[in-house]
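Trainee: I would like a close look at one single part, the place where one element packs against another. Please set it in the context of the whole chain, and tell me what can be trusted on the way.

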Amino acid sequence: MAAPLPDNAAVHGGDPTQEDDGALARLVAAGDRAAFTRMMRRYNRRLYRLARATLRDDAEAEDAVQESYFAAFRAIGGYRGEAALATWLSRLVLNECFARQRRQVRRDNIAPMFSTSGRSEVEQDVMDTCGSTSPEEAVMRAELRALIERRLDALPEAFRLVFVLRCVEELSVEETAQCLGIPEATVRSRHFRARGLLRESLAQDIDLAERDVFSFAGKRCDRIVAGVLARL
């Protein structure tokens, strides 16, 4: 797997949001690596989330974003500002993701796919967060995040992409429509449907979890019985 993406929060050399798209693109086209770094740090989070929503795999999403940046570096000389730079980059990411999906379908037709991941997402999240919270809180947050991501992954792709752009990245209806190349009315209907499906699936999980609240069985039961018998 390629090297990890730069951290969106670690921006060096001023506030990159003050640099307009056209000026930034011209600098990158001229080979300015510092400008290219600013561009990546400005859009990393949005592009990763878009790729992750499409591919439903963390490592694949990172690789897709990086490949899209390589494509952007080669093609940015042709950027004329007809669309926002974020939209232009988002389309490159989607093209890369869709190409990967097509290749995966071809591979799946040849041989079964086996999972080779090592550490689970929950374990990784615990390691990432337990430095600032208690271990119990870290586990709870990691499991909740993993649950939401699993339910989001289960949504149809069309709904999933709109949900991530509208609710996670907080893009406007117009920006989402431009990014995905669909009418604004379609964005609204898919957003509404995605929220409904996600709410329904999470509600089912909550209903199941309610039955296990303050569970009482096994070792706890044995401990209480043994404690009482010991005092008789």
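Mentor: Begin with pLDDT, which is the predictor's confidence in each residue, from 0 to 100. This is a predicted model, in which local features need pLDDT of at least 70 and side-chain atom pairs count only at 80 or more, while totals for chains, interfaces and linings use all residues. Residues are numbered from 1 along each chain as its sequence is written, and side-chain values use heavy atoms, with hydrogens and water left out.

The protein chain has an average pLDDT of 80, and 76% of its residues score at least 70. Under 50 is where pLDDT stays over residues 111-123, a stretch with ten contacts (heavy atoms within 4.5 Å) beyond four places in sequence. Among the elements of the protein chain, the lowest mean pLDDT, 46, belongs to helix H5 (residues 121-129), and the highest, 94, to helix H1 (residues 21-29). Where pLDDT is low, the predicted coordinates should not be read in detail.

Now to the elements themselves: the protein chain contains ten helices and zero strands, where helices (H or I, at least four residues) and strands (E, at least two) are DSSP runs numbered from the N terminus. Of the 232 residues in the protein chain, 34% are buried, where buried means under 20% relative accessible area, exposed over 50% and partly exposed in between, with a 1.4 Å probe and protein chains only.

The part to look at closely is the meeting of helix H8 (residues 173-180) with helix H9 (residues 184-210), whose axes come within 8 Å and cross at roughly 105°. The axes are lines fitted to C-alpha atoms, for helices over the stretch in contact, and the angles run from 0 to 180 degrees between N-to-C directions. H8 is therefore roughly perpendicular to H9, a label for 65 to 115 degrees, with under 35 roughly parallel, over 145 roughly antiparallel and the rest oblique. On the H8 side the contact is made by Val173, Glu174, Thr176 and Ala177, and on the H9 side by Glu184, Val187 and Arg188. By character, the residues of this contact between H8 and H9 divide into three nonpolar, one polar and three charged.

Two of these names lead inward, since Ala177 and Val187 are included, together with Leu50 and Leu165, in a core of 20 residues that is separate from the largest one. A nonpolar core is a set of buried Ala, Val, Leu, Ile, Met, Phe, Trp, Tyr and Cys residues joined through side-chain atoms within 4.5 Å. The largest such core has 24 residues, and Met39, Tyr43, Tyr69, Ile76, Leu85 and Leu89 have the most contacts inside it. H1, helix H2 (33-55), helix H3 (58-75) and helix H4 (85-108) each supply at least two residues of that largest core, and its largest share, eight residues, comes from H2.

Finally, look just before H8, at Glu170, which lies in the loop between helix H7 (157-168) and H8. Glu170 is not a glycine, yet its phi is positive, at about 60°, and because its relative accessible area is 66%, Glu170 counts as exposed. Arg56, in the loop between H2 and H3, also has a positive phi, near 60°, in a residue other than glycine, but with a relative accessibility of 44% Arg56 is partly exposed.

Key: Nonpolar A, V, L, I, M, F, W, Y, C, P; charged D, E, K, R; others polar.
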